[in-house]
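Grab a pencil and work through these exercises with the structure open beside you. Try each task before you read its solution.

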Amino acid sequence: MRSLSKIMAISLLIMKSTIVVGGEPTWPDIKSIDAARNRTKDAFSQMPAPTTAGKAPAAPVIQDIPSKPAGIDMQSIANQYQNIQQPAVLPRQTRLLVFVSLSMPQESLKRLAEDAARANAVLVLRGLVNDSMQQTLRAVKTILGEKGTTAWEIDPPAFIRYGVAAAPTYVLARHANDSPGDFVAVEGDVTLGYALNFISRQRPAFSVQADEFRGRLGMGD
């Protein structure tokens, strides 16, 4: 603090020598400037050296980091699951398919579409109307309405797979990859409920599945 006071006093002395109150400013000569410079140098030389408290903190030491994470032992993971037994037979999903033709009466198609939506059945078409998807969509929209929720699909091979020769034909299939004995078909201009009732009574092996779809239609025993 004493050295700082000396510096301030020297600075004031230089300023005082350059300004004359109430008169023209005068500039110090060379001797005065050198004398003031020497006094400033002596004052700085008497200042104490900086201590370690004023030093910048040392940079932190960064430990070595692996360049890449350790690899995953896939064999070890596989060994954990090798004893898990897969089911011998995968669960089968029963489907109720209604094979229709857009040449059928509109009222019949609309009734079938409403029942199929309630029973969670699927309307199946053989192909496109005049080989045009746009015409097919317009025709289906006419049947299902603006907010139709009935599922439908175009599946020509399905007509062959289930031996469908007329519309409507109702097919109750126990799973997607059907083989003989895994599905039952009812052909004729009857309602969906009538077809399901016929299957339940005449084909006991499919009665449980048929009754599930009948229940969705709100049909009792």
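**Exercise 1. Find how strand β1 is joined to strand β2, and which residues stand opposite each other**.

Solution. Keep in mind that you're looking at a predicted model.
- Step 1: Pick out β1 at residues 95-99 and β2 at residues 122-125.
- Step 2: Check the directions: the two strands run parallel, and three bridges join them.
- Step 3: Match up the residues. Leu97 has Val122 of β2 opposite, while Val98 has Leu123 opposite.
- Step 4: Follow the chain from one strand to the other. Together, β1, α4 and β2 form a β-α-β unit, and this unit is right-handed.

**Exercise 2. Now look at the other partner of β2: which way do β2 and β3 run, and how many bridges join them?**

Solution.
- Step 1: Count the bridges between β2 and β3, and you get four. These strands run parallel.
- Step 2: For a matched pair, take Val124, which has Glu153 of β3 opposite.
- Step 3: Trace the connection. It goes through helix α5, residues 133-144, and β2, α5 and β3 make up a right-handed β-α-β unit.
- Step 4: Look at the two faces of β2. Val122 and Val124 are buried on one side, Leu123 and Leu125 are buried on the other, and both faces are covered.

**Exercise 3. Work out the order of the strands in the sheet**.

Solution.
- Step 1: Lay the five strands side by side, and the order reads β3-β2-β1-β4-β5. The sheet is open and its pairing is mixed.
- Step 2: Find the edges. They are β3 (151-154) and β5 (183-187), each of which pairs on one side only.
- Step 3: Check the twist. On average, neighbouring strands of this sheet are turned by 25° against each other, direction ignored.
- Step 4: Add a helix. α4, residues 106-119, lies across β1, β2 and β4 (169-173), and runs at about 130° to β2.

**Exercise 4. Is Asp115 buried or exposed, and what does Asp115 touch?**

Solution.
- Step 1: Locate Asp115 in helix α4.
- Step 2: Compare its relative accessibility with the cut-off. The value is 12%, and buried means under 20%, so Asp115 counts as buried.
- Step 3: List the touches, leaving out residues up to four places away in sequence: you'll get Leu192 and Leu217.
- Step 4: Look for a side-chain partner. Asp115 and Arg118 are joined through their side chains by a polar contact of 3.3 Å.

**Exercise 5. Describe the surroundings of Thr191**.

Solution.
- Step 1: Place Thr191 in the loop between β5 and α7.
- Step 2: Judge its exposure. A relative accessible area of 32% makes Thr191 partly exposed.
- Step 3: Leave out residues up to four places away in sequence, and Thr191 touches Arg111 and Tyr170.
- Step 4: Follow the side chain of Thr191, which reaches the backbone nitrogen of Tyr194 at 3.1 Å.
- Step 5: Try a distance too. Thr191 and Pro168 are 23 residues apart along the chain, and their C-alpha atoms are separated by 9.2 Å.

**Exercise 6. Which residues of helix α8 are buried, and why do they line one face of the helix?**

Solution.
- Step 1: Go along α8, residues 207-216, and collect the buried residues: Ser207, Gln209, Ala210, Phe213 and Arg214.
- Step 2: Look down the axis of α8. The buried residues fall within an arc of 165°, so they line one face of the helix.
- Step 3: See what this face meets. The buried residues of α8 pack against β1, α4, β4 and α7 (192-202).
- Step 4: Zoom in on Arg214, a residue of α8. Its relative accessibility is 6%, so Arg214 counts as buried. A polar contact of 3.2 Å links its side chain to that of Asp211.
- Step 5: Move just past α8 to Gly218, which takes a positive phi of about 80°.

Conventions:
Residues are numbered from 1 along each chain as its sequence is written. This is a predicted model: local features need pLDDT of at least 70, side-chain atom pairs count only at pLDDT 80 or more; totals for chains, interfaces and linings use all residues. Side-chain values use heavy atoms; hydrogens and water are left out. Two strands pair if DSSP finds at least two bridges between them. Axes are lines fitted to C-alpha atoms, for helices over the stretch in contact, and angles run from 0 to 180 degrees between N-to-C directions. Contact means heavy atoms within 4.5 Å. Buried means under 20% relative accessible area, exposed over 50%, partly exposed in between (1.4 Å probe, protein chains only). The arc is that of the directions from the helix axis to the C-beta atoms. A polar contact is a pair of N or O atoms within 3.5 Å; within protein, one must be able to donate a hydrogen and the other to accept it, and residues adjacent in sequence count only if both atoms are side-chain atoms. A crossover is right-handed if, with the strands pointing away from the viewer, the path from the first strand over the helix to the second runs clockwise.
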